[in-house]
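Reader: I'm new to this one and would like to learn how to read it. Could you show me the structure and take me through a few features?

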Amino acid sequence: MNMDTKISIYTLTSELHDEATVTAVTQEFLNSLQIAYTLKENDYADYGRQGLSVIYVRTGGTEGIFRRLLPLLRKQSHAPFYLLTSGKSNSLAASMEILSFLQQNSLEGEIIHGSAEYISHRLNVLARVAEAKQKLKGCRLGIIGQPSDWLISSTFKPEILREHLGIELVEIPMAELLQAIDNTPETTVLEDAPSEAIRKALPMANRIYGALRSIVNGHRLQGFTLRCFDLLTTVRNTGCLALARLNSEGIVAGCEGDVPAMLSMQVVQSLLGVSGFQANPASINPESGEMLFAHCTIPLNMVTRYELDTHFESGIGVGIRGYMQEGPVTIFKLAGDLSRNFIAEGMLMRNQSKPDLCRTQQVIQLADKQQTAYFFTHPIGNHHIILPGHHRELLENMF
């Protein structure tokens, strides 16, 4: 359990039960879970205000008490109701009655009951999800330029993002970035250049980074997506190096003005503290479940090492060839209207560096090869987010 994660446990107790006995059972039960929590007893004044709020149904005979509390709880929070029970003193039966009542009133809830290990794990997952959702509230995400012309399906609905995630989208014209680049002085180049062309491109690549940094600060952004191909014709360079650096600094920085990809990255950042690798499939083997993903930038905090190259499609500017640690990975994509998502776990088998692809290339073996059907039948656009580790459970609970 992350000790910074907040779990508030509110008790629900029938007046018919002996308080001393109930208190002793409470301490024994909660201590067995080995979690960090704050016990609120019967004080619901700050219910739902921060972190994960859990209602510990300690005894039976509490159904009517809950029904009287419900208007106050709904006023303070719209999160699902999590009913914790040890099973002692008819508490499980009462929890089932309460959950049935919630469902009859079109409200969501879950009973958390079982072994100490199961309960601890479940509360840990829910606490991390609650913490991530809290981080998303008030997030300001920029769209610098418009989405690239070829992203014809990567649509989004700002009002849904605002209502359900608390995210605000901020449209920023490309002219503002170009002006910021003009106003950004050249700095000393620290990167090693493998060729004369890249050596000459690095000063402008670093100016793009500085300009994007100033826009992030000026608009108070937690992240953005950039119509990056416009830079090829305006300043004869790319945003690949800038995006790689900004993502590694905790600022979500997406490519091609792809808003759903940016949203997916922001969700991953809130959950795991890493933006993820925005890439598109280059090839898929439906018989084996092996996939090749590629793109010209990757967060520098996701790789063990990286090399500088040119941007693949244009052959100019600075691109990133990153090498990520082989092992467990998760592929994730969220639709721009939050209507659906895709989650698949797999293994990063190898990084490669073929010259006829975007510079960072990952060969991933899906755990379930049947999931390749999604990419052929109902994909959520072309870009998907690769993140290190297996995180299906966390991501499923976010939505």
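Author: Happy to. Keep in mind that this is a predicted model. Let's begin with a charged pair: arginine 321 and aspartate 309 join their side chains in a salt bridge, 2.5 Å from N to O.

Reader: Which strands do arginine 321 and aspartate 309 lie in?

Author: Arginine 321 belongs to strand β13 (residues 319-323) and aspartate 309 to strand β12 (residues 305-309), so the pair ties together parts twelve residues apart in sequence.

Reader: And is arginine 321 buried or exposed?

Author: The idea is to look at relative accessible area, where under 20% means buried. Arginine 321 comes out at 9%, so it counts as buried. Aspartate 309 has 18%, so that residue is buried too.

Reader: Which residues are linked in a network of salt bridges?

Author: Look around that pair: Arg305, Glu307, Asp309, Arg321 and Arg359 are linked in such a network. Over the whole structure, a search turns up 14 salt bridges.

Reader: How do I read a salt bridge inside a helix?

Author: Check the spacing along the helix. Glutamate 196 and arginine 199 form a salt bridge at 2.3 Å, N to O. Both sit in helix α7 (residues 196-218), and because they are three residues apart, about one helical turn separates them. Glutamate 196 is partly exposed at 41% relative accessibility, and arginine 199 is partly exposed at 46%.

Reader: What does glutamate 168 form with arginine 162?

Author: Another salt bridge, with 3.1 Å between the closest N and O atoms. Here glutamate 168 is partly exposed, at a relative accessible area of 30%, and arginine 162 is partly exposed at 42%.

Reader: Now sheets, please. What holds the strands together?

Author: In general, strands of a sheet pair through backbone hydrogen bonds, and the pairing is either parallel or antiparallel. In this model, one open sheet has four strands in the order β7-β6-β8-β9, paired in parallel. Its edge strands are β7 (168-172) and β9 (252-255), each of which pairs on one side only. From one strand to the next, the twist averages 20 degrees.

Reader: How many bridges join strand β6 to strand β8?

Author: Four, between residues 140-144 of β6 and residues 223-226 of β8, with the two strands running parallel. To find your place there, look for leucine 141, which stands opposite glycine 223 in β8.

Reader: Last topic: pockets. What is the volume of the largest pocket?

Author: About 1,200 Å³. Its lining has 37 residues, and those closest to the centre are His78, Ala79, Pro80, Lys133 and His164.

Reader: Which element gives the most to that lining?

Author: That's α4, with six residues. Among the elements that each supply at least two residues are β3 (52-57), α2 (63-76), α4 (116-136) and α12 (392-398). By residue type, the lining divides into 14 nonpolar, 14 polar and nine charged.

Reader: And how much space lies in the second largest pocket?

Author: About 220 Å³. This pocket is lined by 17 residues, with Phe229, Glu256, His295, His311 and Glu313 nearest its centre. Its lining splits into eight nonpolar, seven polar and two charged residues.

Methods
Residues numbered from 1 in each chain as written. Predicted model: local features only at pLDDT ≥ 70, side-chain atom pairs only at ≥ 80, totals over all residues. Heavy atoms only, no water. Salt bridge = Lys/Arg side-chain N within 4 Å of Asp/Glu carboxyl O. Buried < 20%, exposed > 50% of the residue type's maximum accessible area, 1.4 Å probe, protein only. 1 Å grid on protein atoms, 1.4 Å probe; cavity = no way out; pocket = protein on both sides within 12 Å on 5 of 7 lines; lining within 4 Å. Points joined across faces, edges and corners; volume = space filled by probe spheres on them. Nonpolar A, V, L, I, M, F, W, Y, C, P; charged D, E, K, R; others polar. Pairing = 2+ DSSP bridges. Axes fitted to C-alpha atoms, helices over the stretch in contact; angles between N-to-C directions.
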